[in-house]
Amino acid sequence: NKRASHLRRLAAIPSKVNQSSQLKEEKPMSSHSNNDERRGSFSSLRRPSLVTGPRLSSIKMGSPASLFVISKVTSEVFNEENPPMDWADAGLLIPHEAIRRQMKMMVQSVNAMPDSPEEKEAWKITLFSQWFVDYFYESVHEHHDAEEKIYFPWMKTKTAIPEKEFSGSHAELMSAMDGIKKVCTQIINKQGKDCSAQVATLKKDIPKFDADMRAHLKEEEETVPELLRNNFTHEEEGKIVEAILQAGGLTLAKKFLPAVLLAAQEWMSETFYADFVGSIPPPIKYLVDNYYMPDFENVAMNMRDAPTLASKPNLKRVPCCRIPFCFPCMF
C-alpha cells in the first residue's frame with residue numbers, strides 16, 4: 001500500500017550528511033503561555049549539537065524543473081505560470097506545504113463530524129481533538145515561534161519586513177488556535193460525550209482558521225523569497241534554519257518532520273526528495289525511519305482522520321526495547 005511503499009522508499013535513501021561538504025551551493029496541555037514556558041525552545045535557544053532535520057543548504061539546487069512538481073504544489077502563489085525557482089522558494093514551501101496538507105485533512109474531518117455525536121461515535125471526535133492538541137497545535141505553534149523569535153529577527157539584520165502584517169497575523173492565528181485547542185480539550189475531558197456544542201464550534205472555527213492561515217502563508221510566499229534573494233545567500237539562510245531545527249529539538253522532529261516528508265514526496269522531484277531526505281543526520285534518519293514515520297502514519301494520521309473512519313483504529317505505536325541508554329527509547 002501507499003504507506004508501506006513510502007516507508008520502503010524513505011528507508012532506501014542513505015543519509016548524505018557526512019558528504020555535505022562535497023556538495024556545493026549553486027546559488028491535553030496547558031495554556032498558550034504555559035506552552036512557551038514548558039517548551040522554552042525558541043525563547044532560550046537551547047541548541048543541541050545535532051541538527052534534527054534535513055539540511056537544505058547542503059543540497060545542490062538545480063533548475064526549477066529538476067526540483068519541483070509544480071502540479072502538486074498547493075500554494076496560491078506558485079503555479080505553472082509563476083513556478084517556484086530556487087532555495088528561497090523551497091525554504092518556505094517545505095513547512096507550508098506540510099501545513100496546508102494537514103489543514104485540508106483537518107477540514108475534511110471536521111466536516112465529517114456528526115452534529116450530535118452518539119455515544120458510539122464519541123471516539124471520532126475525541127481522537128481528532130487529541131490529534132489537534134498533541135500534533136497540529138504544537139507543530140504550528142513551534143513554526144510561528146521560530147519565525148517570530150529567530151527567522152524574522154535574523155532577516156531584519158539586513159532588510160525591512162512587513163512586521164506589522166506578519167506579527168499581527170501570527171497573533172490572530174495563534175489566538176484562534178488557542179480557542180480551538182480549548183474546545184478540543186473540553187471534548188477530551190468529556191471523552192466525546194454530550195459534545196454537540198463543541199462540535200458546532202469546531203465546524204464554525206476550523207474552516208475560518210484554515211482560510212485565514214492559507215491567506216497568511218500566501219502573504220509570506222509573496223514577500224519573503226525576494227527579500228531572501230536580494231539580501232542573503234543560500235548558505236546564510238541554511239545556518240538560521242539549522243538554528244531553528246536545533247531549537248525545536250527532537251519533539252519538533254517527531255511531530256512535524258513526518259508531515260514535512262510526506263508532503264515533500266508529492267511536490268518535490270524524485271531527485272530533490274532523495275537529496276532532501278539524504279541530508280537528514282543519520283541518527284535522526286534512523287528515528288524517522290523506524291519510529292517517527294510509522295507512528296505518525298499509524299497513530300497521528302488515524303487520530304486526525306478519525307471522524308471519516310467507519311471503525312475505531314488500533315493506535316499502535318512502534319515498541320522499543322526499553323533498555324537503559326537505548327537511543328530510540330530515550331527520544
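**Close-up views of an all-helical chain**

**Figure 1. Order of secondary structure elements in the predicted model.** From the N terminus on, the elements of the chain follow the order α-α-α-α-α-α-α-α-α-α-α-α. The chain contains 12 helices and 0 strands. The model is predicted, and the pLDDT averages 85 over the chain, with 80% of the residues scoring at least 70. Of the 331 residues in the chain, 54% are buried. The area that the chain exposes is about 15100 Å², and carbon and sulfur atoms supply 52% of this area.

**Figure 2. The segment formed by residues 16-48.** Over residues 16-48, pLDDT stays under 50. For this segment, the model has 73 contacts beyond four places in sequence. These contacts belong to a predicted model and are shown together with the pLDDT of the segment, under 50 throughout.

**Figure 3. The salt bridge between Asp210 and Arg214 in helix H8.** The structure holds 16 salt bridges, and one of them joins the side chains of Asp210 and Arg214, at 3.0 Å from N to O. Helix H8 spans residues 196-231 and contains both partners. Asp210 and Arg214 are 4 residues apart, which corresponds to about one turn of the helix. Both Asp210 and Arg214 are buried.

**Figure 4. The salt-bridge network of Asp86, Asp89, Glu226 and Arg229****.** Salt bridges with shared partners connect Asp86, Asp89, Glu226 and Arg229 into one network. Side chains of opposite charge can pair when their charged atoms come close.

**Figure 5. The salt bridge between Lys204 and Asp205.** The closest N and O atoms of Lys204 and Asp205 are 2.7 Å apart, and the two residues form a salt bridge. Lys204 has a relative accessibility of 54% and therefore counts as exposed, the cut-off for this class being over 50%. Asp205 has a relative accessibility of 24% and so counts as partly exposed, because this class lies between the buried limit of under 20% and the exposed limit of over 50%.

**Figure 6. The salt bridge between Arg304 and Asp305.** Arg304 and Asp305 are joined by a salt bridge in which the closest N and O atoms are 2.7 Å apart. Both Arg304 and Asp305 are buried. In the pair of Figure 5, by contrast, Lys204 is exposed and Asp205 is partly exposed.

Technical notes. Residues are numbered from 1 along each chain as its sequence is written. Side-chain values use heavy atoms; hydrogens and water are left out. pLDDT is the predictor's confidence in each residue, from 0 to 100. Contact means heavy atoms within 4.5 Å. A salt bridge is a side-chain nitrogen of Lys or Arg within 4 Å of a carboxyl oxygen of Asp or Glu. Buried means under 20% relative accessible area, exposed over 50%, partly exposed in between (1.4 Å probe, protein chains only). Helices (H or I, at least four residues) and strands (E, at least two) are DSSP runs, numbered from the N terminus. Accessible areas come from the Shrake-Rupley method with a 1.4 Å probe; for residues, only the protein chains shown count as cover.
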